Amino acid sequence: MHSAIANPQADQAQQHEHVSLPQHRHHFATPEQQREAGSFGMWLFLLTEIMFFGGLFFAYLLFRNWYYDAFVTASNQLSVPLGAVNTAILITSGFFMALAVWAAEVRKKNLLVLFLVLTTLLGFAFLGIKADEYHEKYEKHHIPGASFDTSQFINPAAYGLSEKPLAPDAAQKTQLFFFLYFAMTGMHALHMVLGLGILFWLMIRAQRGDFSSGYVAPIENFGLYWHFVDIVWIFLFPLLYLINRHPLAH
Amino acid sequence: MSAPSNTILNLPDQSTAQLPRRNFINAEHGLLSWLFTSDHKRIAILYLISITFFFFIGGAFAGLIRLELLTPQPDLVSSDTYNKFFTMHGIIMIFLFLVPSVPATLGNFLIPMMIGARDLAFPKINLLSWYLYVIGGTLTLTALVLGGVDTGWTFTAPLSTHYLNTHVITTAFAIFVAGFSSVFTGLNFIVTIHRMRCPGMTWFRMPLFVWAHYAASILMVLGTPVLAIAMILIVLERLVGIGVFDPTKGGDPLLFQHLFWFYSHPAVYIMILPGMGVISEVVSTFSRKRIFGYTAVAFSSVAIALFGFFVWEHHMFIMGVSNYSALIFSLLTMLVAVPSAIKIFNWCFTLQMGSITFETPMLYAFGFMGLFTIGGLTGVFLGSLGMDIQLTETYFIVAHFHFVMVGGMLMAFLAGVHFWWPKMTGRMYPESLSKLAAVVTFIGFILTFMPQFVLGYLGMPRRYHAYPPEFQVLNVLSTAGATILGIGYLMPMIYLAWSLKYGAIAGNNPWQATGLEWQTQSPPLTENFTEIPIMDHEAYDYDWLEHKTADEVTHVA
C-alpha cells in the first residue's frame with residue numbers, strides 16, 4: 001500500500017537503518033518502534049483475555065461459595081493425576097516455546113523449527129488427555145444438559161464411592177460445577193486449538209527462513225500468548241481439581 | 001503559555017484553494033482497493049458509511065416506536081412486535097452506532113494525523129475490526145429478517161435464556177463479534193498513542209480529542225471482553241439448557257446483571273468520551289483559545305474511565321442487591337459526575353473572553369453542552385437511591401439516556417463530522433443549510449425528549465406499547481418532535497452527500513485550527529505527511545498558528 005507511493009524520506013530512513021528487514025512496515029519510523037508496538041499490542045490483548053476469563057472465574061467463585069458441598073463432591077470426580085500430568089505437559093510446552101524464542105533471537109533456524117514442533121506436540125498431548133477426561137465425563141453422564149445424571153452424587157455408596165451423599169436438590173448443583181468446568185476448560189482448550197493453528201503457520205514460516213534474519217516479533221508475541229494460555233491453566237488446575245477435595249475429615 | 005490572544009477573527013479566503021492532485025481518495029481506484037485497504041483514513045470512511053447505514057435502520061425503528069405511541073391504544077403493532085422494535089432500536093443504536101460512532105470514524109481518521117503518525121500501529125487489525133463490525137451487523141440484520149428478537153437490548157436473564165423463543169443466539173453472537181471489533185479499535189488506539197507520537201509530541205501536547213480516545217480505549221479493552229463472556233454464557237445456557245443464570249436450577253440472574261452492566265455502564269463512557277474529545281476541539285477552535293485547564297480536562301477523561309468501572313450497580317438498585325452495596329455504588333455514582341462537570345465548566349471558561357464564532361460545528365457543540373448537562377444532572381437523580389426506585393424503568397430513564405446519548409453523543413458526532421468534513425473530503429458543506437439542520441435537530445430533540453421526562457415522572461413505564469389516555473398529549477408532542485428530529489438527521493445526510501461533488505473547495509485549514517491534522521492538505525495524502533512533523537509548540541497555540549501562517553504568506557509573496 002505504502003510502497004505504491006514512493007516516499008523518498010521513508011525509503012531513505014529505512015535504507016539507513018535496517019536494509020535486512022523486509023518485514024519492516026513503512027508507517028513505523030524505526031524497526032524498534034515496530035517491535036515495541038507489536039509486543040505492547042500483544043500485552044494489551046492478553047489483558048482483554050484476562051478480563052474475558054475473569055467473568056468465568058467470578059462465576060465459579062460465586063457458585064463455589066453458594067453450593068460448597070456440591071462443588072466439592074463434583075470436584076472429587078476430576079482426576080488429579082491426569083490434571084497434574086497435563087499441567088506438567090503444558091509447562092514443558094511453554095518451556096520449549098521459550099527456547100523457540102531464544103532460538104529465533106540467535107537466528108538458529110533448525111533449532112527454532114525443532115522447538116516449535118516440540119511445543120506443538122506437547123500441545124496436542126495436552127488436548128488428547130483433556131479429550132480423554134471429557135470422554136469419561138460423557139460416559140458417566142456428567143455433561144450438563146438433558147442427560148445429566150445425579151444418581152452418583154445422591155447415592156455414592158452404590159457406585160462404591162466414600163462421598164457424603166447429597167440431597168437431590170443439592171446434587172442438581174453439581175451440574176453447575178460441570179457446566180463451569182466445561183465452560184472454563186473448554187474456553188481454555190479453544191485457546192489452545194487456536195494457538196496450535198498459529199504454531200503450524202509459524203513452523204511453515206520458520207522453515208521458510210522468515211525468522212532467521214533478526215525478525216523475531218511473531219515468535220516473541222506468540223510466545224506471550226502461549227505462556228498466557230499456560231497461566232490460565234495454572235489457575236484452572238487448583239481451582240477445579242485441587243481446592244478442598246476432601247473436607248469430609250471433620 | 002502567554003496570555004491568550006484572539007488571533008484570527010476571519011476565516012481564510014478559500015476562493016483560491018484547490019483540491020490537491022494526489023490524496024488518499026484517489027491514490028488507488030476500484031472497490032477492492034477500498035475493501036482491502038489498510039489506510040486508516042479509508043477504513044474510517046468505510047466505517048462512516050456502514051454506521052450511517054445502521055443509524056438510519058435504528059432510526060427507522062425509533063420512528064415506528066413513536067408512531068405506535070401516538071395513540072394510547074395498541075393499534076399499529078402487537079405487543080410482541082413492539083418488543084422487537086425497541087429491542088432492535090436499542091441493539092443497533094448502541095452496539096452498531098453509538099459505540100463505534102466517533103472512535104471508529106473520526107478517531108480512526110484523525111488520531112494518527114493528530115499525533116503526527118503515518119497510520120495506526122496495526123493497520124491490518126484495523127481493517128479486521130471493520131470486517132468484524134460488518135459481520136456483527138450482518139448477523140444482527142439476519143436475526144431481524146428471521147423474525148427479530150425481543151429481549152430488550154439488555155438481554156435480561158432468565159427472560160432471554162429461558163422464556164423467549166426469538167433469535168437470541170444469533171443476536172448475542174452478533175454482539176460478541178461486534179464487541180471484538182471494538183476491542184481491536186481500542187487496542188490499536190492505545191498502542192498508537194503510546195508508541196507512534198511524532199518527535200516533540202509529549203503527552204501534554206496531544207489534542208484533548210486524543211486524550212478522550214485514550215480513556216475510551218481503556219474502557220473498550222477492559223470492559224468489552226466481559227460482555228463477550230456474558231454473551232457466550234447466554235448462548236451456552238440457551239443451547240445446553242443449564243442454568244448459570246436460571247434461579248430454578250440454582251443459577252443467579254443477578255450474576256448476569258453484574259457481568260452485563262460491568263461492560264454496559266462503562267460502555268456509556270465509551271460512547272460519550274470520544275464525543276467530549278470532539279467538543280474540546282470544536283470549542284477551542286471557534287473561540288480561538290487554548291482549552292481552559294488543559295491538564296484538568298485531559299485527566300478528567302482518564303478519571304471518567306477509571307470511576308466508570310465502579311458504578312455499574314446503579315443499574316441494579318431495584319433488583320434486590322444489598323442495601324449497603326447500593327449505598328456505596330450510589331456514592332461512587334455521584335463521584336463520576338465530578339470529572340464530567342470539570343469538562344463542562346472548563347469548556348465554559350474557554351468560551352469566556354474568547355472570540356466566538358457560530359459555525360455549524362459550534363452550534364452542535366452548544367447543543368451538546370446544554371443537552372449533556374441536562375442529561376448528566378438527571379443522571380444524578382437516578383443515582384440517588386430513593387429517586388431511582390421511583391423513576392427507574394419509566395420514561396424518565398429513557399429521556400435521561402437519550403439526553404446523554406442522542407443529545408450528547410449524536411450532537412458531538414455531527415459536530416465532529418461537520419468540523420472535519422473539509423479535512424476528510426476536501427470540500428465544505430453548505431454553511432447556512434447546515435446551521436438550519438443544527439437548529440432543527442436541537443428543536444426536534446427537545447420536543448421529543450423533554451415530554452418524556454414528564455411522562456416518566458408521572459409514572460409511564462418504558463417498553464409498553466399502550467398507555468393510559470391522560471398521557472396522550474405528551475406522547476403526541478414527543479412523536480411530533482421525533483418527526484422534526486428525523487428531518488434534522490436526514491438533512492446532513494443529503495447535503496453532505498451533495499457537497500462531495502458541489503461543495504466549495506476547503507483548502508488545508510479552513511477553520512484556522514491548530515491541530516497537526518490541519519497543517520497538511522485536505523484530503524490528506526495516504527501517508528498523511530510528506531515528512532513526519534515535529535511538534536514544537538503546545539496544543540491549541542493560536543499564536544504559533546498565526547506566526548506560521550504569517551511566514552507562509554511571506555513565502556508566497
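I take a salt bridge to be a side-chain nitrogen of Lys or Arg within 4 Å of a carboxyl oxygen of Asp or Glu. The model I am reading is a predicted one.

**Entry 1, salt bridges in chain A.** With that rule I looked up the total, and the count over all chains comes to twelve salt bridges. I turned to D210(A), which forms a salt bridge with R208(A), their closest N and O atoms lying 2.8 Å apart. The two partners differ in cover, because D210(A) at 15% relative accessibility counts as buried, whereas R208(A) is exposed with a relative accessible area of 57%.

I then looked up R35(A), whose salt-bridge partner is E220(A), with the closest N and O atoms 2.5 Å apart. This pair links distant parts of the chain, since R35(A) sits in helix α2 (residues 31-66) of chain A and E220(A) in helix α9 (residues 217-242) of chain A, 185 residues apart. I noted R35(A) as partly exposed at 37% relative accessibility, and E220(A) as buried at 19%. R35(A) and E220(A) also belong, together with E105(A), to a network of salt bridges.

**Entry 2, a salt bridge in chain B.** I found E527(B) in a salt bridge with R22(B), the closest N and O atoms being 4.0 Å apart. E527(B) lies in the loop between α15 (472-502) and α16 (542-556) of chain B, and R22(B) in the segment before α1 (31-35) of chain B, so the pair ties together parts that are 505 residues apart in sequence. E527(B) counts as buried at 6% relative accessibility, while R22(B), at 33%, counts as partly exposed.

**Entry 3, the nonpolar core.** I looked up the largest nonpolar core and found that it has 258 residues, with L116(A) and F368(B) having the most contacts inside it. Leaving aside residues up to four places away in sequence, L116(A) touches M97(A), A100(A), L199(A), L202(A), M203(A), A206(A) and I219(A).

**Entry 4, a nonpolar surface patch.** I also looked for nonpolar side chains at the surface, and noted a patch of about 360 Å² made by L64(B), L67(B), L70(B), L76(B) and V476(B). Of these I followed up L64(B), which has its place in helix α2 (residues 40-68) of chain B and is partly exposed, with a relative accessible area of 31%.

**Entry 5, cysteines.** How many disulfides does a search of the whole structure find? I recorded zero over all chains. I checked the cover of two cysteines as well: C198(B) is buried, with a relative accessible area of 5%, and C348(B) counts as partly exposed at 38% relative accessibility.

Methods
Residues are numbered from 1 along each chain as its sequence is written. Chains are lettered from A and ligands numbered from 1 in the order in which they are written. This is a predicted model: local features need pLDDT of at least 70, side-chain atom pairs count only at pLDDT 80 or more; totals for chains, interfaces and linings use all residues. Side-chain values use heavy atoms; hydrogens and water are left out. A nonpolar core is a set of buried Ala, Val, Leu, Ile, Met, Phe, Trp, Tyr and Cys residues joined through side-chain atoms within 4.5 Å. Buried means under 20% relative accessible area, exposed over 50%, partly exposed in between (1.4 Å probe, protein chains only). Contact means heavy atoms within 4.5 Å. A disulfide is a pair of cysteine sulfur atoms within 2.5 Å. Patches are made of residues with over 30% relative accessible area and no salt bridge: like charges are joined within 9 Å, nonpolar side chains (Val, Leu, Ile, Met, Phe, Trp, Tyr) within 5 Å. Accessible areas come from the Shrake-Rupley method with a 1.4 Å probe; for residues, only the protein chains shown count as cover. Helices (H or I, at least four residues) and strands (E, at least two) are DSSP runs, numbered from the N terminus.
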